[in-house]
Amino acid sequence: MQISCIVVDDEPLALQLIEGYVLKTPFLDLKKKCDSAIEALTFMENEPVDLIFLDIQMPDLTGIGLSKMIPKSTRVIFTTAFSEYALEGYKVEAMDYLLKPFDYAEFLTAATKAKEWFSLFKAKVQTPTIGEKKFLFVKSDYKQLKIHLDDVLYFEGLKDYIKIWLKDRPRPILTLMSLKSLQDELPSDKFMRIHRSFIVALKAIDVIERSQIIIGEQRITVSENYKPDFLAYIAKNSLD
């Protein structure tokens with residue numbers, strides 16, 4: 001199994017050292033070494049990779065900043081001389097955190113952890129499924145209603161209830177459910193949570209205006225907690 005990766009560091013000696021570690025590791029496939037996060041971001045727009053060995057403290061765009069702009073399927077191993085960034089690294093779900101100076105044994109331990117994760121992840125992705133989920137049954141007014149996901153515009157959380165807004169239906173369906181439990185049931189390539197109170201159907205978005213999206217006549221703000229994933233989605237689906 002080969003894991004495609006890049007190395008990102010603004011220090012030439014560190015960049016050269018980590019490049020050497022990658023090249024001597026059989027299951028790592030080095031695609032590029034970058035001396036800035038911006039260079040890495042530009043490269044990955046055209047050639048996505050599985051893994052980034054990423055320095056944190058860099059000019060213009062930090063490693064933490066870059067990690068919030070990439071797809072979740074691209075994993076990060078931070079490489080830094082500053083231990084105080086460890087908490088930030090774990091907040092963005094970094095796979096590991098290598099504190100400089102580190103030797104090859106430490107590097108290989110982190111890389112092997114990534115290999116094990118990708119083995120499980122890719123096996124899960126390649127497992128055949130019975131079929132793509134196309135509808136949900138929800139309880140409303142003592143009835144089980146069949147909701148076709150293609151008809152959904154967005155879900156709006158209201159304490160312990162959810163309003164389900166459908167196209168060609170002026171009034172929402174109200175059901176007793178949490179947004180968190182609903183989110184786990186929805187296909188992640190078609191729906192995205194963009195606010196504590198909203199999950200939207202991505203294909204239903206008509207306009208993106210600064211930090212808001214517009215679906216029909218409804219404006220919904222993309223909150224800071226969910227903005228990184230949404231920006232990554234925009235970058236992936238935008239035309240230059």
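Two strands count as paired when DSSP finds at least two bridges between them. The legends below apply this to a predicted model.

**View 1. Pairing of β3 and β4 in the five-stranded sheet.** Ile52 stands opposite Val76 in β4. The two strands, β3 (residues 51–54) and β4 (residues 75–80), run parallel and are joined by four bridges. They belong to an open sheet of five strands with parallel pairing, in the order β2-β1-β3-β4-β5. At its edges are β2 and β5 (96–99), each of which pairs on one side only. On average, neighbouring strands of this sheet are turned by 20 degrees against each other, direction ignored.

**View 2. Helices packed on the five-stranded sheet.** The sheet has the strand order β2-β1-β3-β4-β5. Helix α1 (residues 12–23) packs on this sheet and touches β1 (3–8), β2, β3 and β4. The direction of α1 makes about 165 degrees with that of β2. Helix α2 (residues 37–46) also packs on the sheet, with β1, β2 and β3 as the strands it touches. For α2, the angle to the direction of β2 is about 125 degrees.

**View 3. Two buried cysteines.** Cys5 has a relative accessible area of 0% and is buried. Cys34 counts as buried because its relative accessibility is 0%, and the cut-off for buried is under 20%. The structure holds zero disulfides.

**View 4. The β6–β7 hairpin.** Strands β6 (residues 135–140) and β7 (residues 143–148) pair in the antiparallel sense through six bridges. Leu136 has Ile147 in β7 as its bridge partner. Two residues lie between the strands of the hairpin, and Asp141 in the turn has a positive phi of about 55 degrees. In a regular strand, side chains alternate between the two faces of the sheet. Along β6, Leu136, Val138 and Ser140 point to one face and are buried. Phe135, Phe137 and Lys139 point to the other face and are not buried.

**View 5. The three-stranded antiparallel sheet.** This open sheet has the order β13-β14-β15, with antiparallel pairing. β13 (207–209) and β15 (218–221) each have a single partner strand, so one side of each is left without a neighbour in the sheet. Neighbouring strands here are turned by 25 degrees against each other on average, direction ignored. Strand β14 (residues 212–215) is joined to β15 by four bridges, and the two run antiparallel. One of the residue pairs is Ile214 with Arg219, its bridge partner in β15.

**View 6. Buried residues of helix α7.** Lys227, Phe230 and Ala232 are buried in helix α7 (residues 227–237). The buried residues of this helix pack against β11 (191–195), β13 and β14.

**View 7. Confidence along the chain.** The protein chain has an average pLDDT of 86, and 90% of the residues score at least 70. Among the elements, strand β2 (residues 28–34) has the highest mean pLDDT, 97, and helix α4 (residues 86–91) the lowest, 52. Over residues 124–130 pLDDT stays under 50, and the model has zero contacts for them beyond four places in sequence. Where pLDDT is low, the predicted coordinates should not be read in detail.

Definitions and conventions
Residues are numbered from 1 along each chain as its sequence is written. This is a predicted model: local features need pLDDT of at least 70, side-chain atom pairs count only at pLDDT 80 or more; totals for chains, interfaces and linings use all residues. Side-chain values use heavy atoms; hydrogens and water are left out. pLDDT is the predictor's confidence in each residue, from 0 to 100. Contact means heavy atoms within 4.5 Å. Axes are lines fitted to C-alpha atoms, for helices over the stretch in contact, and angles run from 0 to 180 degrees between N-to-C directions. A disulfide is a pair of cysteine sulfur atoms within 2.5 Å. Buried means under 20% relative accessible area, exposed over 50%, partly exposed in between (1.4 Å probe, protein chains only).
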